[in-house]
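Me: Please take a close look at a single part of this protein. I want to know how it sits against the rest.

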Amino acid sequence: MAMEIGICSYSFHRLLEAGKQDMFRYILDCKKLGCTQLDPWNAHLTSTDDAYIAKVKEAAKRAELPFGCIAVDGGHIYEPTLEARRKNRERAYEWIEISRKLGARQIRLDAGGSAEMPGEEFEIILEGFEDLNKRCREAGVELVMENHFGASVIPENVVRILDAVKGVGLLLDSFNWAKGREAEGWILCAKYAKACHVKAFAFTEDGEELTTNVKGFVGVMKKNGYRGAWGVESVPIDGDEMGAAGKTIALIRRHVGG
């Protein structure tokens, strides 16, 4: 099976903020860099209007790139107040519908909460994922959570959530764990992964990443039977977002063998 690869568009957030890239340019850049799918961060989709979404879908069709995983910020489940949780839930519902319209395979929605994840938080997170997963099934979109912030930076919390809510997968980020717990996160959670982000910050002259053991990460994923797309989320220290995305793709190909 040919290797699938996509770039989470957060990798280009500085270009977006500077007005040097938009969703349509992102699609063209992904094509140029050899991606097989589009993995937009929801901030790149600057409108939720039907006409705009239809134009984005048409641009992707022209580029012959399907939508893989849409990463949604602001739709996480746990917030301390009921009103904040309701607002986030409505936002999540909206993005599930947008994902359906775009024909995306996956949507990433976060747990929120705290690293301690006390009982009340856990129950709210479970209820939220059960509700969102039902919506996603109806929309024909796979729901994945990410080890991103809050409760999900602790590997045991991720395991506890995913064991309790059947049908929700994991977008496993190679870097986003509590300090010093990256390897534990890979080992404990790789078996749940339906998507992944390979983080990259800086590179050696021979193209290896200085922050994360990409070869080790890929090895753990492959050992656990990972069959999903390989996602790039580069956040280059030197600010060269296009260059870092290309280097990260090359590094993934080197270690995956595709």
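What follows is a close look at one helix and its surroundings.

Me: Which residues of helix α8 are buried, and what do they pack against?

Reply: Keep in mind that this is a predicted model. Helix α8 spans residues 214–223, and its buried residues are Val-214, Phe-217, Val-218 and Met-221. These residues lie on the same side of α8, because they cover an arc of only 95 degrees around the axis. The other side of α8 has exposed residues, Lys-215 and Lys-223. Just after α8 comes Gly-225, with a positive phi of about 75 degrees.

Now the packing. The partners of the buried residues of α8 include two helices, α7 (182–189) and α9 (241–256). The strands β5 (169–173), β6 (193–200) and β7 (230–234) also pack against them.

Take Met-221. Beyond its neighbours within four places in sequence, Met-221 contacts Leu-172, Ala-190, Ala-193, Cys-196, Tyr-226 and Trp-230. Met-221 also belongs to the largest nonpolar core, which has 81 residues. Along with Ile-27, Ile-107, Phe-129, Leu-172 and Trp-230, Met-221 touches the most other members there. The largest share of this core comes from helix α5 (residues 119–139), with eight residues. In soluble globular proteins, nonpolar side chains tend to be buried together.

Last, the setting. The protein has nine helices and seven strands. Its radius of gyration is 17 Å, close to the 18 Å from the globule rule for 258 residues, so the protein is as compact as a globular protein of that length. Buried residues make up 55% of the 258.

Technical notes. Residues numbered from 1 in each chain as written. Predicted model: local features only at pLDDT ≥ 70, side-chain atom pairs only at ≥ 80, totals over all residues. Heavy atoms only, no water. Core = buried A, V, L, I, M, F, W, Y, C linked by side-chain atoms within 4.5 Å. Buried < 20%, exposed > 50% of the residue type's maximum accessible area, 1.4 Å probe, protein only. Helix = DSSP H or I, 4+ residues; strand = E, 2+ residues; numbered from the N terminus. Contact = heavy atoms within 4.5 Å. Arc of directions from axis to C-beta. Rg over C-alpha atoms; globule rule 2.2 N^0.38 Å.
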